[in-house]
Amino acid sequence: MTGARSEVILRVNGTTYTLAVDHRSTLLDVLRERLDLIGAKKGCDHGQCGACTVLVDGWRANSCLLLAVAQDGRHVTTVEGLSDGQRLHPLQEAFVERDALQCGYCTPGQICSALGALREAADGHPSHVTPYDADPGGPVELTADEIRERMSGNLCRCGAYPRIVEAVADAGDRIRDARPGDTGVGS
C-alpha cells in the first residue's frame, strides 16, 4: 500500500485543482510542494504552533494535521487568496499598519486564524472568555481578552502579540463597518 494515491479536487483561492495525491500527504505539503503556495508555514508539524493555519470551507484549520485526500471537494483559502488583486485584505492592511509582525514567519497563519476568529465571533460562537450573559444568538464582542483567547493557538516567537491583538480589533471594526454581517471570508 506504500505510495497509494487518489485523485482529489481542491478549490484553492478560487482555482480548482485536480491532483493525484499520496494518501499520506498533508494539505500543507500539497499546498507548498504541489501548488507552490508557500504562505502557510511548516512550523511544528504537530498542530501546536498555528503557522500552517488556512481556512477550509471558511473555518480555520491546521493544514499540517489534515490529510489532503480528506479535503476532496473542499474550498481552501490561504493567505495568498485574501487580497483582491493589489488591494490587501483589511486584516493584511491592519497587520502592516499596526506593525503586528517582526520576522513574519507566523504572520500568514496569524492572519488566516484571525479571519476565522472574526467569523466565529460574528456568528455568535462563544469562546472560553465570552461572558455567560452574552446574547446567545448575537455576535460576540471582540474585546482584547476575547481576541487573545481566540488567537491562542497561534504562536509568535517574536512576541508581537499586543500588536496582533490591535490589528485584529482594527480589522474587525473595518470589516463590520464595510459590510455589516460579513467577515470577509466566503464559505
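Which residues in helix 2 meet which residues in helix 5? The first legend takes up this contact in the predicted model.

**View 1. Helix 2 packs on helix 5 (residues 161-178).**
From helix 2 come P90, L91, E93, A94, F95 and E97. In helix 5 they meet I164, A167, V168, D170, A171, R174 and I175. Sorted by class, the residues of this contact are nine nonpolar, no polar and four charged. The two helices pack at an angle of about 140 degrees. Their axes lie 8 Å apart. Angles over 145 degrees would count as roughly antiparallel. Helix 2 and helix 5 are therefore oblique to each other. The crossing of helix 2 past helix 5 is right-handed.

**View 2. Helix 2 (90-97) is mostly covered.**
How many of the eight residues of helix 2 are buried? Six are. They are P90, L91, Q92, E93, A94 and F95. These buried residues pack against helix 3 and helix 5. Just past the end of helix 2, D99 has a positive phi of about 55 degrees.

**View 3. L88 sits in the loop between strand 5 and helix 2.**
Is L88 buried, partly exposed or exposed? Its relative accessibility is 36%, so L88 counts as partly exposed. Buried would need under 20%, and exposed over 50%. Setting aside neighbours within four places in sequence, L88 is in contact with S83 and E93. E93 is one of the buried residues of helix 2. E93 is also among the residues that meet helix 5.

**View 4. Helix 3 (residues 107-122) packs on helix 5.**
Helix 3 contributes Q110, A114 and L118. Their counterparts in helix 5 are I164, V168, G172 and I175. By class, this contact has five nonpolar, two polar and no charged residues. The packing angle is about 50 degrees, with the axes 11 Å apart. Helix 3 and helix 5 are therefore oblique to each other. Their crossing is right-handed. I164, V168 and I175 of helix 5 meet helix 3, and these residues also meet helix 2.

**View 5. Five strands form an open, mixed sheet.**
The strand order is 2-1-5-3-4. Which strands stand at the edges? Strand 2 (15-22) and strand 4 (59-62) do. Each has a single partner strand, so one side of each is left without a neighbour in the sheet. Neighbouring strands are turned by 40 degrees against each other on average, direction ignored. Strands of a sheet pair through backbone hydrogen bonds, either parallel or antiparallel.

**View 6. Strand 1 and strand 2 form a hairpin.**
Eight bridges join strand 1 to strand 2. The two strands run antiparallel. The bridge partner of I9 is T18 in strand 2. Two residues lie between the strands. N13, in the turn, has a positive phi of about 50 degrees.

**View 7. Strand 3 (residues 53-56) pairs with strand 5 (residues 75-77).**
Two bridges join these strands, which run antiparallel. V56 stands opposite V76 in strand 5. T77 also lies in strand 5. With a relative accessible area of 17%, T77 is buried. Which residues does T77 touch, beyond those up to four places away in sequence? They are N13, V54, L55, L82 and C112. N13 is the residue in the hairpin turn with a positive phi.

**View 8. Helix 1 (residues 27-34) and helix 3 meet strands of the sheet.**
Helix 1 packs on the sheet. Helix 1 touches strand 1 (5-12), strand 2, strand 3 and strand 5. Its direction makes about 110 degrees with that of strand 2. The buried residues of helix 1 are L27, L28, D29, V30 and L31. Their cover includes strand 1, strand 2, strand 3 and strand 5. Just after helix 1, D36 takes a positive phi of about 60 degrees. Helix 3 lies across strand 3, strand 4 and strand 5. Helix 3 runs at about 40 degrees to strand 3.

Notes:
Residues are numbered from 1 along each chain as its sequence is written. This is a predicted model: local features need pLDDT of at least 70, side-chain atom pairs count only at pLDDT 80 or more; totals for chains, interfaces and linings use all residues. Side-chain values use heavy atoms; hydrogens and water are left out. Two strands pair if DSSP finds at least two bridges between them. Helices (H or I, at least four residues) and strands (E, at least two) are DSSP runs, numbered from the N terminus. Axes are lines fitted to C-alpha atoms, for helices over the stretch in contact, and angles run from 0 to 180 degrees between N-to-C directions. Contact means heavy atoms within 4.5 Å. Buried means under 20% relative accessible area, exposed over 50%, partly exposed in between (1.4 Å probe, protein chains only). Angles under 35 degrees count as roughly parallel, over 145 as roughly antiparallel, 65 to 115 as roughly perpendicular and the rest as oblique. A crossing is left-handed if the near helix is turned anticlockwise from the far one by less than a right angle, and right-handed if clockwise. Ala, Val, Leu, Ile, Met, Phe, Trp, Tyr, Cys and Pro count as nonpolar, Asp, Glu, Lys and Arg as charged, and the others, Gly among them, as polar.
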